[in-house]
Amino acid sequence: MKNYFQLLLVLVICIGFTTACNNSSSKTSSASAVSSALEIDDLLANAESLTDKEVTIEGVCTHTCKHGARKIFLMGTDNTKTIRVEACKLGAFDTKCIKSVVRVTGTLVEDRIDEAYLQSWENQLTEKELSEENTATCDTEKSARGETANTTAGRIADYRKRIETRQITEGKPYLSFYHINAISYEIVEQ
């Protein structure tokens, strides 16, 4: 009988040890998943090399699109480091994303603005539309692109100046803006 209790005690200790090891490894695995998400600042700093690749990012959601929450904006360390995320096949984002930490997995896409794009844009607009204050573009989107002009003509002129500067400094006759086409997302922290 004494041997039976000793054997039972050893078995309980082994089960407890195995359970503790399994819990420890799942916590490590979970921590690895969290650390594998790129911060917005790092994504934007390395965007050129990550274009057309699947990435996982994490940031604070500052805004959802008023037109059905089909877009959200995630902020990095400050409001100059923001990226637009499009719901695509997901349909829409939950409005609970606002002011929450959100983790998104998706494909990073580059949007280029060059002189041909600007000329096409101008050709589609009337003189009146060029000089009117632009209310169609979301303020959060404008901020993410570093735009300050309020009229369409002002925005186009600003883009031209920025393209000229980039051509001189980097040899690239276009501006690059990035967004993510989401595959999945989760609210990590509210």
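1. Tyr185 is partly exposed in this predicted model, because its relative accessibility is 27% and the buried class ends under 20%. Its ring partner is Phe93, and the two form an edge-to-face aromatic pair, with 4.9 Å from centre to centre and 65° between the planes. The partners come from distant parts of the chain: Phe93 belongs to the loop between strand 4 and strand 5, Tyr185 belongs to strand 6, and 92 residues separate them. Phe93 itself is buried, with a relative accessible area of 4%. The pair therefore joins a buried ring to a partly exposed one.

2. A further aromatic pair is made by Trp121 and Tyr159. These rings are tilted, at 6.3 Å centre to centre and 45° between the planes. Trp121 is in helix 4 (residues 115-124) and Tyr159 is in helix 7 (residues 152-170), so the pair ties together parts that are 38 residues apart in sequence. Both are buried: Trp121 has a relative accessible area of 17%, and Tyr159 has a relative accessibility of 1%. Ring pairs also bring these two into a cluster with Tyr117 and Phe177. In total, the structure has four aromatic pairs.

3. Which residues have the most contacts inside the largest nonpolar core? They are Ile57, Leu74, Ile83, Val85, Val104 and Ile180, in a core of 20 residues. Elements that give two or more residues to this core include helix 2 (40-45), helix 3 (47-50) and strand 6 (174-189). Strand 2 (54-64), strand 3 (71-75), strand 4 (82-86) and strand 5 (101-114) do so as well. A second core, separate from this one, has eight residues, including Ile113, Trp121, Tyr159 and Leu175.

4. Val85 shows what such contacts look like for one residue. Leaving aside neighbours within four places in sequence, Val85 is in contact with Ile57, Leu74, Val104 and Ile180, among others. Its contacts also include Phe93, the buried partner of Tyr185 in the edge-to-face pair. Arg70 and Lys71 are among the contacts of Val85 too.

5. Is Thr105, a residue of strand 5, buried or exposed? Thr105 counts as buried, because its relative accessibility is 17% and the limit for that class is under 20%. With neighbours within four places in sequence left aside, Thr105 is in contact with Glu54, Val55 and Thr56, and also with Ala182, Ile183 and Ser184.

6. Side chains of opposite charge can pair when their charged atoms come close. The structure has 11 salt bridges. In one of them, Arg160 and Glu115 have their closest N and O atoms 2.8 Å apart. This pair links distant parts of the chain, since Arg160 is in helix 7 and Glu115 is in helix 4, 45 residues apart. Both partners are partly exposed, with a relative accessible area of 27% for Arg160 and 33% for Glu115. Elsewhere, Glu58, Arg103 and Glu186 are joined into one network by salt bridges that share partners.

7. Arg112 takes part in two kinds of interaction. Its side chain meets that of Glu110 in a salt bridge of 3.2 Å, N to O, and its charged end sits over the ring of Tyr174, 3.9 Å from the ring centre. Arg112 is partly exposed at 47% relative accessibility, as is Glu110 at 24%.

8. Asp78 and Lys81 form another salt bridge, with the closest N and O atoms 3.9 Å apart. Asp78 is partly exposed, with a relative accessible area of 29%, and Lys81 is also partly exposed, at 28% relative accessibility.

Technical notes
Residues numbered from 1 in each chain as written. Predicted model: local features only at pLDDT ≥ 70, side-chain atom pairs only at ≥ 80, totals over all residues. Heavy atoms only, no water. Core = buried A, V, L, I, M, F, W, Y, C linked by side-chain atoms within 4.5 Å. Buried < 20%, exposed > 50% of the residue type's maximum accessible area, 1.4 Å probe, protein only. Helix = DSSP H or I, 4+ residues; strand = E, 2+ residues; numbered from the N terminus. Contact = heavy atoms within 4.5 Å. Phe/Tyr/Trp six-rings, centres within 6.5 Å; stacked < 30°, edge-to-face > 60°. Lys NZ or Arg CZ within 6 Å of the ring centre and 35° of its normal. Salt bridge = Lys/Arg side-chain N within 4 Å of Asp/Glu carboxyl O.
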